[in-house]
Amino acid sequence: MFRKRLLGIRFLSDAKPVQRKVFEGETLEDLVSFQGVAAQPFPEDVCKILSEPVNEDDIEVKPDGLLYLPEIKYRRILNKAFGPGGWGLIPRGPHTIIDTTLSREYALFCSGRFVSQARGEQDFFSPSGMATASEGCKSNAMMRCCKDLGIAWELWDPVFIRKFKANHVVMVQGTHMTNGTKKWLWRRKDATLNYPYQEVKNQYKK
């Protein structure tokens, strides 16, 4: 009886129940793991929010030149599109540790529907940092899952990346404040290098 109710679950308030045949050998876990995937597009107003152009003031750059959107920005977009409590990340397995990298698989569900699944990862440097690394791992998985919703799609577009770097990013030389080593690092033109590096004046790369 419970299996039949799952097959008739409503994923959106205006959606019809999804009915399909249960195949031999399928388990309850098979039915709920990817429930609602590709059942129908999200409502137009939701799609509009998800596909809004990224605010260039929100884009950050890592010292290695990788562009990214802070995880709180993704959460705000999801909350705006689906409402607080209308989306969630579900762990799909235990944490995995390889050397100093923690990773875990997560699935993103929105309005009761499976959207995407990705493995998040985060480096850590001591056992005391495992809790923080676990949160970073979850946020990294969320960012990767949001690609399938079209959120901040520009950050995966080589053409946009080249233009943004040319207009808003610069490579400067930084000195490590502890050991004195020098390194070329990327930063926004309207920002400064973060600790432990201090920028060497008038040292730029185009």
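**Legends to the close-up views**

**View 1. E71 and its partner in helix α4.** E71 is classed as partly exposed, its relative accessibility being 34%. In this predicted model, the side chain of E71 forms a salt bridge with that of R75, with an N to O distance of 2.5 Å. Both residues belong to helix α4, which spans residues 71-82. E71 and R75 are four residues apart, about one turn of the helix. The count of salt bridges in the structure comes to seven, and two further examples are presented in the next views.

**View 2. The salt bridge between E105 and R119.** The closest N and O atoms of E105 and R119 are 3.3 Å apart. E105 is part of strand β5 (residues 101-110) and R119 is part of strand β6, so the salt bridge ties together parts of the chain that are 14 residues apart in sequence. The two partners fall into separate accessibility classes: E105 is buried at 18% relative accessibility, whereas R119 is partly exposed at 35%.

**View 3. The salt bridge between E199 and R187.** The closest N and O atoms of E199 and R187 lie 2.8 Å apart. This pair links distant parts of the chain, with E199 located in strand β9 (residues 197-205) and R187 in strand β8 (residues 182-188), 12 residues apart. R187 counts as buried, with a relative accessibility of 9%. E199, at 25% relative accessibility, counts as partly exposed.

**View 4. The surroundings of V115 in strand β6.** Strand β6 covers residues 113-123 and includes V115. V115 has a relative accessible area of 15% and is therefore buried, the limit for that class being under 20%. Leaving aside residues up to four places away in sequence, V115 is in contact with F42, L108, C110, D148 and L149. The C-alpha atom of V115 is separated by 7.7 Å from that of C145, a residue 30 positions away along the chain.

**View 5. Cysteines without a disulfide.** C110, one of the residues touched by V115, is buried with a relative accessible area of 0%. The closest cysteine sulfur to that of C110 belongs to C146. The two sulfur atoms are 7.3 Å apart, which is too far for a bond because a disulfide requires sulfur atoms within 2.5 Å. C137 is likewise a buried residue, its relative accessible area being 0%. The structure as a whole holds zero disulfides.

**View 6. S134 in helix α5.** Helix α5 runs over residues 130-146 and contains S134. S134 counts as buried at 19% relative accessibility, because this value is under the 20% limit. With residues up to four places away in sequence excluded, S134 touches H95 and L102.

**View 7. The protein chain as context for the close-up views.** The secondary structure of the protein chain consists of six helices and nine strands. The chain has 206 residues, of which 36% count as buried. Among contacts between residues at least 6 apart in sequence, 47% join residues at least 24 apart. The accessible surface of the chain comes to about 13,100 Å², and carbon and sulfur atoms account for 54% of this area.

Conventions:
Residues numbered from 1 in each chain as written. Predicted model: local features only at pLDDT ≥ 70, side-chain atom pairs only at ≥ 80, totals over all residues. Heavy atoms only, no water. Buried < 20%, exposed > 50% of the residue type's maximum accessible area, 1.4 Å probe, protein only. Helix = DSSP H or I, 4+ residues; strand = E, 2+ residues; numbered from the N terminus. Contact = heavy atoms within 4.5 Å. Areas by Shrake-Rupley, 256 points an atom, 1.4 Å probe, with all protein chains shown as cover. Salt bridge = Lys/Arg side-chain N within 4 Å of Asp/Glu carboxyl O.
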